[in-house]
Amino acid sequence: AQAIAYASHLTGAKAQILMPKHTPKKKVDGVKRYGATPILFGDNYDETEAEALRRAQTDGTWVSPYNDPYVIAGAGTIGVEILEQLPDVERVVVCVSGGGLIAGVATAVKELKPDVEVIGVNAESAPAMYNVFYNTDKPQVWETLAEALSGEIEAGAVTVPISQTYVDDIVLVSEAQIATAMHWMIAVQGWIVEGGGAVGVAAMLHDVLPRDGRKTAVVVSGGNVDVSTLRDIL
């Protein structure tokens, strides 16, 4: 959302950023700071996306936060940077929601270095891509520390075939594991990371992925955490 807001600020375009009502205040304030208009609508991301699509029919252009080739290409630069900075990397772990981030990272990594394993991590409470990969029907749970990962994947999303081509596995982490990872990132690394951004760390800390000695890069995405959530985590 903030990237779109920043682009609108540079070009002079007007942007409305639709987000669910439960969006952390830090994220809402960031959108305002970059010159866009935040609109809080819906109790979850599915309701928000439906409203954004409805508005786009008569007022503006819809830009998906994940189901868009330019969004995916932008995420691909992360994969390029990982290989540039860690050329002997053997595994890349990426948080997953609709798949825009992992589709871009996995495409870049696999095209440049096919032997690198790419693993996606879903929260158990937000298992949309896991369900797609393994033909399961695990439910969405809207009350989750990984609020940014919640929601279903848009029908026909380009992220799905790309992920199925380049991603080796999708794994799940629990709410307790996410909370522990957020706490560990604060206490040990000094980083404030939101739940959705900490799922990869959670998978490593709790041996959801094997500690097999392979050099691993974990993508940590997002630091939008309200003070009340931080207080609970600590």
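**Exercise 1. Gln-177 and its surroundings**

Find the residues that Gln-177 is in contact with, leaving aside its neighbours within four places in sequence.

*Solution.* Once those neighbours are set aside, Gln-177 is in contact with Ala-202, His-206 and Val-208; contact means heavy atoms within 4.5 Å. Before going on, note that this is a predicted model, in which local features need pLDDT of at least 70 and side-chain atom pairs count only at pLDDT 80 or more, while totals for chains, interfaces and linings use all residues. Residues are numbered from 1 along each chain as its sequence is written, and side-chain values use heavy atoms, with hydrogens and water left out.

Next, place the residue: Gln-177 belongs to helix α8. Helices (H or I, at least four residues) and strands (E, at least two) are DSSP runs, numbered from the N terminus. Gln-177 counts as buried because its relative accessibility is 17%; buried means under 20% relative accessible area, exposed over 50%, and partly exposed in between (1.4 Å probe, protein chains only).

Last, look at its side chain. A polar atom there lies 2.9 Å from the backbone nitrogen of Ser-174. A polar contact is a pair of N or O atoms within 3.5 Å; within protein, one must be able to donate a hydrogen and the other to accept it, and residues adjacent in sequence count only if both atoms are side-chain atoms.

**Exercise 2. The two sides of α8**

Work out which residues of α8 are buried and which are exposed on the other side.

*Solution.* Start with the helix itself. α8 covers residues 175-189, 15 residues in total, and reaches 20 Å from its first C-alpha to its last, close to the 21 Å expected at 1.5 Å a residue. The expected span is 1.5 Å times one less than the number of residues.

Now list the buried residues of α8: Gln-177, Ile-178, Ala-181, Met-182 and Met-185. They lie on the same side of α8 because they cover an arc of only 140° around the axis, the arc being that of the directions from the helix axis to the C-beta atoms. An α-helix has 3.6 residues a turn, so residues three or four places apart point the same way.

Turn to the other side of α8, and you find Ala-176, Ala-187 and Val-188 exposed. The buried residues, for their part, pack against β4 (117-123), β5 (169-173), α9 (199-205) and α10 (227-233). After the helix comes Gly-190, with a positive phi near 75°.

**Exercise 3. The sheet and its strand β3**

In which order do the 4 strands of the open sheet lie, and which residues of β3 are buried on each side?

*Solution.* The order is β5-β4-β3-β6, with parallel pairing. Two strands pair if DSSP finds at least two bridges between them. β5 and β6 (216-218) are the edge strands, each pairing on one side only. From one strand to the next, the twist averages 25°.

Follow β3 (residues 91-95) to its partners. It pairs with β6 in the parallel sense over 3 bridges, and Arg-91 has Thr-216 as its bridge partner in β6. Towards β4, which runs parallel to β3, there are 5 bridges; here Val-94 is partnered by Gly-120.

Then check the faces. Arg-91, Val-93 and Cys-95 are buried on one side of β3, and Val-92 and Val-94 on the other. Helix α5 (residues 100-112) lies across β3 and β4, at about 170° to β4. Axes are lines fitted to C-alpha atoms, for helices over the stretch in contact, and angles run from 0 to 180 degrees between N-to-C directions.

**Exercise 4. Residues in loops**

Is Asn-135 buried or exposed, and where is Ser-97 placed?

*Solution.* Asn-135 sits in the loop between α6 (128-134) and α7 (159-166). It counts as exposed because its relative accessibility is 72%. Its phi is positive, about 55°, although Asn-135 is not a glycine. Most residues other than glycine have a negative phi. Asp-207, in the loop between α9 and β6, also has a positive phi, of about 60°.

Ser-97 is in the loop between β3 and α5. Its C-alpha is 6.6 Å from that of Ser-150, 53 residues apart along the chain. A polar atom of the Ser-97 side chain lies 3.0 Å from the backbone oxygen of Leu-149.
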